[in-house]
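Reader: I would like to go through this structure with you. Please justify each term as you use it.

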Amino acid sequence: MDVDVMCGFYEPDAILVGANGEPQRGIPAIRAELLKYYAVQLPMVIIARHVFVADTIASLVLDWNIVGKTPSGEDFHMVATSNDIARCGPDGYWRYIIDNPFGTQVRQLS
């Protein structure tokens, strides 16, 4: 998938929480973070565990993984459960406010 297309799934001031636990705010920072996932050139599989909607806000818990061999032949295995928040805009499209791909992992910021 195209990273620029993916950026359309975020509100302009959204945050994407990086693997290190630090939030990246705004589309340019989110784009840079997403490029890290695309660098391995492997498909991501996503399974919705829970989606709860209250009016125009949704809480999403998604199991996801990126597994396979990178273009350089290295085995790659990344599996996690996200904890995300999205909002439905006036145009009827849902966009992330908070994308926390490793949302169920305990992390401590340094």
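Author: What follows takes the terms in turn and sets each value against its cut-off. One point comes early: this is a predicted model.

Reader: What makes strand 1 largely enclosed?

Author: Strand 1 covers residues 10–17, and 6 of its 8 residues are buried. Buried means under 20% relative accessible area. So the strand is largely enclosed by the rest of the structure.

Reader: Which strands does strand 1 pair with, and in which sense?

Author: Strand 6, residues 94–99, pairs with strand 1 in the parallel sense over 3 bridges. Strand 2, residues 23–25, runs antiparallel to strand 1, and 3 bridges join them. Two strands pair if at least two bridges are found between them, so 3 bridges are enough.

Reader: Which residues stand opposite Ile 15?

Author: In strand 6, Ile 98 stands opposite Ile 15. In strand 2, Arg 25 does. Leu 16 stands opposite Asp 99 in strand 6.

Reader: What lies between strand 1 and strand 2?

Author: They form a hairpin with 5 residues between them. In the turn, Gly 21 has a positive phi of about 95°.

Reader: How do you know that strand 5 pairs with strand 6?

Author: The two are joined by 4 bridges, in the antiparallel sense. The cut-off is at least two, so they count as a pair. Arg 87 has Arg 95 in strand 6 as its bridge partner. This hairpin has 5 residues between the strands, and Gly 92 takes a positive phi near 90°.

Reader: Why is Thr 81 called buried?

Author: Thr 81 has a relative accessible area of 12%. The cut-off is under 20%, so Thr 81 is buried. Thr 81 lies in strand 5. Among its contacts beyond four places in sequence are Val 61, Trp 64 and Phe 102.

Reader: What makes the link between Thr 81 and Arg 49 a polar contact?

Author: Their side chains are joined at 3.4 Å. A polar contact needs N or O atoms within 3.5 Å, so the distance passes.

Reader: Why is Val 51 called partly exposed?

Author: Val 51 has a relative accessible area of 46%. Buried is under 20% and exposed is over 50%, so Val 51 falls in between. Val 51 is in strand 3, residues 44–54. Not counting residues up to four places away in sequence, Val 51 touches Ser 59 and Leu 60.

Reader: How do you know that the span of helix 2 agrees with the expected one?

Author: Helix 2, residues 27–38, has 12 residues and should span 16 Å at 1.5 Å a residue. Its end C-alpha atoms are 16 Å apart, which agrees.

Reader: Which residues of helix 2 are buried, and why are they said to line one face?

Author: The buried residues are Ile 30, Glu 33, Leu 34 and Tyr 37. Seen down the axis of helix 2, they fall within an arc of 100°, so they line one face. An α-helix has 3.6 residues a turn, so residues three or four places apart point the same way. The buried residues of helix 2 pack against elements including helix 1, strand 1 and strand 4. Pro 28 and Lys 36 are exposed, on the face turned away from the buried side.

Reader: How do you know that Cys 7 is in no disulfide?

Author: The closest cysteine sulfur, in Cys 88, is 20 Å from that of Cys 7. A disulfide needs sulfur atoms within 2.5 Å, so 20 Å is too far for a bond. Cys 88 is in no disulfide either. The whole structure has 0 disulfides.

Note on methods:
Residues numbered from 1 in each chain as written. Predicted model: local features only at pLDDT ≥ 70, side-chain atom pairs only at ≥ 80, totals over all residues. Heavy atoms only, no water. Buried < 20%, exposed > 50% of the residue type's maximum accessible area, 1.4 Å probe, protein only. Contact = heavy atoms within 4.5 Å. Expected span 1.5 Å × (residues − 1). Arc of directions from axis to C-beta. Polar contact = N/O pair within 3.5 Å; in protein donor to acceptor, adjacent residues only side chain to side chain.
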